[in-house]
Every structure is written in C-alpha cells, then in structure tokens.
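Here is a walk through one model, taken contact by contact. Have the structure open and follow along.

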Amino acid sequence: MKVAFTASGNTLDATMDPRFGRAAGFIVYDTDNDTFEVIDNQQIRNSAQGAGIQAAETIVRLGANCLVTGHCGPNAFRALTAAGVRVYTTQAATVADALEAFRAGALSVMNSADVAGHWS
Amino acid sequence: MILAVASGKGGTGKTTVSVNLARTIGHGVQLLDCDVEEPNAHLFLGGRETGSEIVTIPIPEVDESLCIACGECGRFCRYHAIVTFGSTPLVFSELCHGCGGCAMVCPREAIRETGRRIGVVETRETDGITLIQGRLDIGVAMAPPLIRAVKARLKKETAAILDAPPGTSCPVIAAVRGADFVLLVTEPTPFGLHDLRLAVDMIRELSIPFGVVVNRMGVGDDRVHRFCREQEIPVLLEIPDDRRIAEAYSRGEPIVDALPEYASHFATLLWNIREFRNAGGR
C-alpha cells in the first residue's frame, strides 16, 4: 500500500509540511517493500488557484490510497474523497514520526475539510 | 470614442480623473466603472439607479447517465475546474473561467452549461451622464467576464470614459482592450514611477495610444517626468497636490463641481487628447 506524506524535504527525516496543496513536496511510501519516492510540488504550490485539486491528482497518479498531512481544504478533500484516498491528519514533526504513527494505527481519518481554501 | 483611464499603482486618481472627465463632457457621455471589485464612481455622481442585471458565467453540469468517465474534459481544463478520477467528473465551479471547452471536447455530449452568478451590472442616470458599473459578488475571484459584461452595454455612438481597475493583470487588460486611447494616471513618487513603467509596458503590448496624467504634483520628485520625456510619452495633465481636492473627494464631490477653477484643466486634457490623436500620435 502506498501512503503519501506532505514533506518539506526529501528524506524520511524531513519535517512534515502541514499544508497539502501547497506543500513543498510529497514522500510516497510503499509499505509493502519499504521504499519511497520523493515528488517536488514546486509548480503546483505556486499556482494561483486549484493547488489542492492538482495535488490530489498528483497523489492519485502516484497510486497512493492514503494521505497523511497537517490540514486539508474543501476542494482538496472533495477531490481526494472522490478518488478514494483516505486522508489522515497528524501533528507529527517528521515524516518518519508520521509514518510510525500511521503504522501504529494512531492516526484518525478525516471526515471533512478542517481549513478553508488558501488557508496558509 | 472610448477613453480608458488606467494606472499601475492603485490610489493614484483613476476615478477622480474619470468622474471629472465625464462631468466635463456632460450630457450624453457614458461612464463605465470597470473596477468591479470596488466600484466607487457612483459615490461622486449620485443619481438614481435605472437598471440592475445579474451576470452569470457558464459552468459545466455533467449528466452522469451519459458520462463514460473518459477524462477528456479534465485533460482539457487548464484551471482544474473539472477533474476525473476514473469516475464521473467533479466540477469546482469557483475555478471555472466559463470557456465551454469541456462541453466541446466531451465525446458523449454529457456536459451542458448552466449559469453561475458572478455579479451585477447596474446602470445609473445623473445629469445626463449614464453610469454603467459592474459589482462583483463577494467571494468571486473572476472579474474579467463581469468587466466584459459592463463593456457589452456600451453604446458605440456616444463618448465613453472607462474607469479601469488598478494593476496590469487580466482585469485591466479586459477593461482597456478595445479602447481608443488610454490615460495612465500616476503620482510623482518612486512607487508611482515603478508601477507606471509596468503599465506602459502593458499598454505598448496592446498597441493602444496613451498619455500620462500626473496627480499630486508637488509631492515626490521629477523622475516620472524624466521617464516620460525619455520615453517620449506625453504628459497630458498635471493635477496639483491641493488639500482642497482631497477634502472635496472625502465629501464625494467631483473637483470640477467643488473647485470650478479646475474645470479648465479637464477641458484642456480632453483637448490635448484630441490634438494628440489628430496629430497621429501613439
């Protein structure tokens, strides 16, 4: 199973980026073989509108069916839900910490967006 | 003739120049307030509202029974206003620019267009001046279609003054495109000059003849004038930094009404524009 994390760097030690659509990048971790890939989100985060939707498209294209992030806005949440991606929120400091919490089943699934669009 | 009043920097006096030009031309002139995010020309003219029309843009509506989830619509839309995840498309109407492309590329004709309200166009009559102003709904971030709706109500046969929004982005281009002449209002300050340069670049790109109005003469320095001289841009009017003008403005009174000694300035401006155009100036 592939899990996407919003990350501000390109290693598992990287701090979590609390934003989704305008995150610095994504780390998509494959729990089946313990590998991960890093995706830069520079282009999307700079778009005036629709960053959350485009980021959702990225996550889906990479085959992730879970997303772990800090917050999620309404458009992103709607797109992710339609695509069948489960969204988890965490306050974890690093991607490694968030991954550990995810594996331990300590994260709760979001049922709705928790911030307005363009919140940060 | 359409005379557009624009500026790079906000707050330089676009509305002041627009309203006073309209008052100077007087009976039969049309004044178009295209600053639809914050229309304010009506504050200086009063008068009574004679009409209000709702403006909508077309947004897609998907017939799920016809949709085969091919994703063509989503691949076409550069604004990600319609997206598919292997299923019926999701529509994000606030991102839609109303181009209609998704409906055109749909192979199953599953998309039809429906209207989404973005604002109103209001018409007011006052002392022979017809004021047509757009008022964008709160929360809507799509000014150009409303600006085009304002301009669509313009009668070509009579003179029109067009008050544009500030800046150099899409709404300004939507406003000034098609104008016969553009007045760029600036102030003699470093900010005024910086944004004037941007505005000049934009107007040159659009190939519309233009000139400059320098407002608040007496503040700042002479760099705006030096720039205009170097670039061979005509300075068609200078308005002094007169406290009485600010006081009249704060009471919502046009300068030409409150301070009649300035009436000749605006008459001269119109005359200068005419002369400049007749001389084939660009």
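Glu187(B) counts as buried, at 9% relative accessibility; buried here is under 20% relative accessible area, exposed is over 50%, and partly exposed is in between (1.4 Å probe, protein chains only). This is a predicted model, in which local features need pLDDT of at least 70 and side-chain atom pairs count only at pLDDT 80 or more, while totals for chains, interfaces and linings use all residues. Residues are numbered from 1 along each chain as its sequence is written, chains are lettered from A and ligands numbered from 1 in the order in which they are written, and side-chain values use heavy atoms, with hydrogens and water left out.

**Salt bridges in chain B**

Glu187(B) has a salt-bridge partner in Arg216(B), with 2.6 Å between the closest N and O atoms. The term covers a side-chain nitrogen of Lys or Arg within 4 Å of a carboxyl oxygen of Asp or Glu. Arg216(B) sits in strand 10 (residues 210–217) of chain B and Glu187(B) in the loop between strand 9 (181–186) and helix 7 (190–206), so the pair ties together parts that are 29 residues apart in sequence. Helices (H or I, at least four residues) and strands (E, at least two) are DSSP runs, numbered from the N terminus. Arg216(B) is partly exposed, at 28% relative accessible area. Add Lys9(B), and you have a network of salt bridges linking Lys9(B), Glu187(B) and Arg216(B).

How many salt bridges does a search of the whole structure find? It finds 17 over all chains. Here are some of them:

| Pair | N to O distance |
|---|---|
| Arg216(B) and Glu187(B) | 2.6 Å |
| Asp257(B) and Arg23(B) | 2.9 Å |
| Glu122(B) and Arg135(B) | 3.2 Å |

Asp257(B) pairs with Arg23(B) in a salt bridge. With Asp257(B) in helix 10 (residues 255–258) of chain B and Arg23(B) in helix 1 (residues 14–25) of chain B, the pair ties together parts that are 234 residues apart in sequence. Asp257(B) is partly exposed at 39% relative accessibility, and Arg23(B) is partly exposed at 25%.

**Strands 3, 6 and 7**

The salt bridge of Glu122(B) and Arg135(B) links strand 6 (residues 111–126) of chain B to strand 7 (residues 129–136) of chain B, with the two positions 13 residues apart in sequence. Glu122(B) is buried, at 8% relative accessible area, whereas Arg135(B) is partly exposed, at 32%.

Those strands are also paired: strand 6 and strand 7 of chain B run antiparallel and are joined by eight bridges. Two strands pair if DSSP finds at least two bridges between them. Thr126(B) stands opposite Ile129(B) in strand 7 of chain B. The hairpin has two residues between the strands, and Asp127(B) takes a positive phi near 50° there. Strand 6 of chain B also pairs with strand 3 (residues 48–62) of chain B, in the antiparallel sense and over 14 bridges. Pro60(B) has Glu113(B) as its bridge partner in strand 6 of chain B.

**Helix 5**

Is helix 5 (residues 143–152) of chain B mostly covered or mostly open? Mostly covered: eight of its ten residues are buried. Among them are Leu146(B), Ile147(B), Val150(B) and Lys151(B). The buried residues of this helix pack against strand 2 (30–33), strand 3, strand 6, strand 7, strand 8 (160–163) and helix 6 (170–176) of chain B.

**Around Glu253(B)**

Glu253(B) is in the loop between helix 9 (243–250) and helix 10 of chain B, and is partly exposed at 31% relative accessibility. Leaving aside neighbours within four places in sequence, Glu253(B) is in contact with Phe44(B), Ala248(B) and Ala258(B), where contact means heavy atoms within 4.5 Å.

**Where chain B meets chain A**

Nine residues of chain B are in contact with twelve residues of chain A. The two chains bury about 1,000 Å² between them, 65% of it on carbon and sulfur atoms; buried area is the accessible area (1.4 Å probe) that two parts lose on being put together, summed over both. His80(B), Phe85(B) and Phe92(B) supply 53% of the area that chain B buries against chain A, more than any other three residues. The rule finds zero salt bridges across this interface.
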